[in-house]
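Okay everyone, thanks for coming. I'd like to walk you through a structure you haven't seen before, starting with its aromatic rings and then moving on to one helix.

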Amino acid sequence: MLVGLAVHPPISALGADQETQPNFVVFLVDDLGYMDVGANNPDCFYETPNINRLSESGMRFTDGYAANPVCSPTRFSLMTGRYPTRVRATNFFSGKRSGRFNPAPLNDNMPLDEITIAQALKANGYGTFFAGKWHLGESKEYFPQNRGFDINIGGHTKGGPYTGKKYFAPFENPEMEVESPAGDHLPDRLARDTAAFIDANKDKPFLAYLSFYSVHTPLMGRPDLVAKYKAKADKINGVEFAEEEQVTGVTPRKVRVLQKHAVYAAMVEAMDQAVGKVLKQLDDSGVADNTVVIFTSDNGGLSTSEGSPTSNLPLRGGKGWVYEGGIREPWIIRYPGVTTPGSVSAEPICSIDLFPTIASAANIKVDHEIDGIDVRPALDGKSLDREALFWHYPHYSNQGGIPGGAIRMGNFKLFERYEDGRVHLYDLASDIGESHDLATDMPDRVTMMRNRLHQWYESVDAKFLQPKGNAIPWSPASAE
């Protein structure tokens with residue numbers, strides 16, 4: 001969806017009615033799969049009581065998506081409301097793995113002329129706070145404190161907690177001015193800082209954006225929680241891995257099909273406890289009734305490499321794959337006075353929708369080009385009347401994922417492979433696991449959806465796989 005002008009105006013052009021502005025808390029979890037929370041999965045191995053209670057007090061979306069199957073592109077879309085393909089931010093920064101062909105050109109920074117949701121809110125009187133993983137630029141001018149956030153705790157160029165003792169203090173994070181005492185746990189530290197900001201800003205409108213480094217690798221858990229889940233895992237029997245298709249290398253690719261990884265479970269529960277700490281602060285500060293809370297993830301659960309700690313079944317694949325396991329995410333929104341507690345919506349939403357939804361709730365006019373839509377009608381039980389959602393991943397993921405694109409229209413999803421141009425069609429209403437290809441049975445629908453996908457490629461100036469030696473990849477132009 002394009003709103004307003006294609007040329008970005010200055011932020012001062014945005015207006016708002018100060019008297020109707022709610023607060024916003026955004027929880028963004030790294031690598032958390034759709035089936036990793038109890039609200040989505042009653043049989044979940046991991047315990048997420050705080051996230052479950054958030055779902056019970058708001059609306060849970062069954063068909064919520066990330067704009068990309070890996071982190072940086074989705075983070076770009078959350079910040080800007082725009083498809084990352086528009087600026088060639090189509091892989092994690094900087095993922096340039098090759099396979100049979102070379103990957104598409106990659107932009108390693110969120111361009112400085114992009115307007116972030118933090119900039120829009122700050123220009124309209126909001127206090128803005130960021131904590132955790134950023135991964136949207138290689139140097140300081142791209143960091144949160146220069147992209148609209150008054151405060152930045154821990155956001156910099158790295159995609160994981162790779163300094164110091166990683167998930168345990170000393171963190172030695174270059175954007176943490178105050179170091180934690182030895183042994184402090186990173187999720188709890190970020191939650192405490194977020195809670196402190198909320199309490200200090202309870203008398204003015206605010207955005208608190210808690211972007212967990214959890215549950216991304218390195219796989220490290222609190223010893224007490226690891227011991228708890230090891231005992232729990234010992235009681236679970238069954239096949240843990242199955243085969244998945246292989247697009248790079250010769251070693252067969254395995255996908256986890258059973259949740260029982262004790263360390264990962266410990267990481268999920270510690271993250272859930274941190275969520276609970278922030279939600280409690282909203283109550284303690286007396287602002288819960290005027291605060292919109294949004295919970296989601298940046299891509300699907302890690303199921304096919306790097307320890308393969310989680311299973312996304314019945315969804316296929318995981319992080320790095322354009323299958324549902326890589327792009328369908330937990331989405332929970334609690335909007336006091338709007339959402340019915342415990343309600344569920346099957347309306348398709350996406351990370352591109354965060355910016356326009358928050359801006360609309362704050363009564364801020366958006367006068368520049370975005371792709372997302374305001375999902376508030378869905379929060380009131382109405383249809384969004386959305387034509388389509390699109391994905392574009394012209395890369396070989398670290399997790400073995402296929403370079404490809406996809407379009408979802410209604411319940412149908414068309415997947416297009418970029419190496420050779422083959423297409424697959426799935427009816428997600430009856431085949432959420434994407435195991436029954438309908439392309440041969442429904443050629444007219446394939447043609448219609450593929451044409452629409454190619455129109456979108458052109459509209460966002462999508463780039464594709466590049467030659468490798470004498471090997472020339474497929475491109476949309478070759479299909480015409």
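So, counting rings whose centres lie within 6.5 Å, we get 24 aromatic pairs here. Let me pick out one: Tyr323 and Phe415, a tilted pair with 5.4 Å from centre to centre and 55° between the planes. What I like is that this pair links distant parts of the chain, with the partners 92 residues apart. Tyr323 is in the loop between β9 and α7, while Phe415 belongs to strand β15. Both Tyr323 and Phe415 are buried. Oh, and keep in mind that this is a predicted model.

Now, which charged end sits over the ring of Tyr323? That's Arg316, at 4.2 Å from the ring centre. There's another case like that with Arg445, which lies over the face of Phe412, 4.1 Å from the centre of the ring.

Before we leave the rings, have a look at this group: Tyr83, Phe390, Tyr418, Trp456, Tyr457, Phe464 and Trp474 make up one aromatic cluster.

Okay, on to the helix. Why is helix α2 largely enclosed by the rest of the structure? Well, it runs over residues 71–80, and 10 of the 10 are buried, so the rest of the structure largely encloses it. Among those buried residues you'll find Cys71, Pro73, Arg75, Phe76 and Met79. And what covers them? The list includes strands β1, β6, β9 and β10, plus helices α3 and α8. Then, just after α2, Gly81 takes a positive phi of about 75°.

How values were computed
Residues are numbered from 1 along each chain as its sequence is written. This is a predicted model: local features need pLDDT of at least 70, side-chain atom pairs count only at pLDDT 80 or more; totals for chains, interfaces and linings use all residues. Side-chain values use heavy atoms; hydrogens and water are left out. Rings of Phe, Tyr and Trp (its six-membered ring) pair if their centres lie within 6.5 Å; planes under 30 degrees apart count as stacked, over 60 as edge-to-face and the rest as tilted. Helices (H or I, at least four residues) and strands (E, at least two) are DSSP runs, numbered from the N terminus. Buried means under 20% relative accessible area, exposed over 50%, partly exposed in between (1.4 Å probe, protein chains only). A charge sits over a ring if NZ of Lys or CZ of Arg is within 6 Å of the ring centre and within 35 degrees of the ring normal. Contact means heavy atoms within 4.5 Å.
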